[in-house]
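Work through the exercises below with the model open. Each one has a task and a stepwise solution.

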Amino acid sequence: MTVIDYDNLATEYARHRRTYPGLVEHIVDRAGITADSTVLEVGCGTANHATSLALSTGANCSGLEPSTEMLKVAASQPASLDLRQGRAEDLDYAPGTFDLIFSVDMIHFVGDPAEYFTRAFAALKPGGYFCTVTDSEWNIRHRLPLSRFFPAAIEAELGRFHPVAALSDAMTGAGFADLDDVTVESTYELTDASRFEEKAFSCLHLISEAEYQEGITALRAALAEGPVPGNLRSSVLWARRPQ
């Protein structure tokens with residue numbers, strides 16, 4: 001499988017990637033985040049979600065990210081974040097530091113989720129929340145406009161995403177309780193192809209150039225006729241460290 005260099009994607013991510021509608025609000029409400037809370041986003045990338053959470057609640061937010069260039073962009077965000085370079089599997093914060101540890105579209109890059117979950121469990125306060133935002137097989141197969149114009153990306157994505165059931169089992173094995181799976185979704189109308197032309201979606205780097213060119217040509221043609229329907233749908237896996 002193609003290895004994606006996120007140092008080279010930082011500019012495109014900063015230009016095109018935004019927080020998912022309703023996701024931060026859901027996380028804040030479910031975990032009861034306030035200005036007194038301590039929060040860590042793992043695999044924060046350019047820190048869009050951590051920034052939104054910090055600005056909306058006043059919480060003390062941190063970010064962990066392996067990519068140097070992504071961290072440079074994250075450091076320019078309009079929020080005071082404690083940013084560190086590192087991988088989820090090597091998460092090393094003092095025990096009982098955080099009220100919430102969360103990640104968005106990151107877990108499929110973690111080769112050993114169980115190790116990450118165990119470390120996250122230790123870094124949470126008793127009663128703290130753990131949140132993993134990922135994609136189920138159904139979400140991947142019905143993701144628009146990607147599945148419509150770039151169908152080869154479906155199998156590429158399925159090959160790298162951990163099944164939701166396997167993630168839930170690993171969370172339980174790490175000691176988490178109160179597991180729950182919530183779907184957060186929204187729809188939109190795509191009016192230009194720039195995000196796809198600049199391959200701001202990592203899965204577009206996993207298909208052949210011929211498959212990509214076929215898809216982008218079809219997408220441009222469809223957009224010439226009017227807006228193209230799109231959706232954003234995430235599986236939000238919740239768990240909690242027991243009191």
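All exercises refer to a predicted model.

**Exercise 1. The sheet**

Task: Work out the strand order of the open sheet and identify its edge strands.

Solution.
Step 1. Lay out the strands. Seven of them form the open sheet, in the order β3-β2-β1-β4-β5-β7-β6.
Step 2. Check the sense of pairing. The pairing is mixed.
Step 3. Find the edges. β3 (82–85) and β6 (177–190) are the edge strands, since each pairs on one side only.
Step 4. Take the twist. Ignoring direction, neighbouring strands are turned by 20° against each other on average.

**Exercise 2. The partners of β1**

Task: Describe how β1 pairs with β2 and with β4.

Solution.
Step 1. Start with β2. β1 and β2 pair in the parallel sense, over five bridges. Val39 stands opposite Cys61 in β2.
Step 2. Turn to β4. Three bridges join β1 to β4, and these two strands run parallel. Glu41 stands opposite Phe102 in β4.
Step 3. Ask how enclosed β2 is. Five of its six residues are buried, so β2 is largely enclosed by the rest of the structure.

**Exercise 3. Helix α3 and its cover**

Task: Which residues of α3 are buried, and what do they pack against?

Solution.
Step 1. Count. Seven of the ten residues of α3 are buried, and the helix is mostly covered.
Step 2. Name them. They are Asn48, His49, Ala50, Thr51, Leu53, Ala54 and Thr57.
Step 3. Find the cover. These buried residues pack against α2, β1, β2 and β4.
Step 4. Place the helix on the sheet. α3 lies across β1, β2 (60–65) and β4, and runs at about 140° to β4.
Step 5. Look just past the helix end. Gly58 takes a positive phi of about 80° there.

**Exercise 4. α2 against α3**

Task: Classify the packing of α2 and α3 as parallel, antiparallel, perpendicular or oblique.

Solution.
Step 1. Get the geometry. Helix α2 (residues 23–31) packs on α3 at an angle of about 55°, with the axes 10 Å apart.
Step 2. Classify. Roughly parallel needs an angle under 35 degrees, and roughly perpendicular needs 65 to 115. The α2–α3 angle of about 55° therefore makes α2 oblique to α3.
Step 3. Assign the hand. α2 passes α3 in a right-handed crossing.
Step 4. List the contact. From α2 come Leu23, Val24, Ile27 and Val28; from α3 come His49, Ser52, Leu53, Ser56 and Thr57.
Step 5. Sort the contact residues. Five are nonpolar, four are polar and none is charged.
Step 6. Add the burial of α2. Its buried residues are Leu23, Val24, His26, Ile27, Val28 and Ala31. Their cover includes α3, β4, β5 (124–134), β6 and β7 (228–240).
Step 7. Check what follows the helix. Gly32 comes after α2 and has a positive phi, near 65°.

**Exercise 5. α5 against α9**

Task: Repeat the analysis for α5 and α9.

Solution.
Step 1. Get the geometry. The axes of α5 and helix α9 (residues 164–173) come within 9 Å and cross at roughly 40°.
Step 2. Classify. α5 and α9 are therefore oblique to each other.
Step 3. Assign the hand. The crossing of α5 and α9 is right-handed.
Step 4. List the contact. Pro113, Ala114 and Phe117 in α5 meet Leu167, Ala170 and Met171 in α9.
Step 5. Sort the contact residues. Six are nonpolar, with no polar and no charged ones.

**Exercise 6. Backbone outliers**

Task: Where do the positive-phi residues Ala47 and Asp105 lie, and are they buried or exposed?

Solution.
Step 1. Take Ala47. Its phi is near 70°, a positive value in a residue other than glycine. Ala47 sits in the loop between β1 (38–42) and α3 (48–57).
Step 2. Test burial. The cut-off for buried is under 20% relative accessible area. Ala47 has 0% relative accessibility, so it counts as buried.
Step 3. Take Asp105. It is not a glycine either, yet phi is positive, about 55°. Asp105 is in the loop between β4 (98–104) and α5 (113–123).
Step 4. Test burial again. Asp105 has a relative accessible area of 18%, so it is buried.

**Exercise 7. A cis peptide**

Task: Which two residues does the cis peptide bond join?

Solution.
Step 1. Look at omega. A value of about 5° belongs to the cis bond between Leu144 and Pro145.
Step 2. Place the bond. Pro145 lies in the loop between α6 (137–141) and α7 (146–149).

Note on methods:
Residues numbered from 1 in each chain as written. Predicted model: local features only at pLDDT ≥ 70, side-chain atom pairs only at ≥ 80, totals over all residues. Heavy atoms only, no water. Helix = DSSP H or I, 4+ residues; strand = E, 2+ residues; numbered from the N terminus. Buried < 20%, exposed > 50% of the residue type's maximum accessible area, 1.4 Å probe, protein only. Pairing = 2+ DSSP bridges. Axes fitted to C-alpha atoms, helices over the stretch in contact; angles between N-to-C directions. Contact = heavy atoms within 4.5 Å. Parallel < 35°, antiparallel > 145°, perpendicular 65-115°, else oblique. Left-handed = near helix turned anticlockwise from the far one by under 90°. Nonpolar A, V, L, I, M, F, W, Y, C, P; charged D, E, K, R; others polar.
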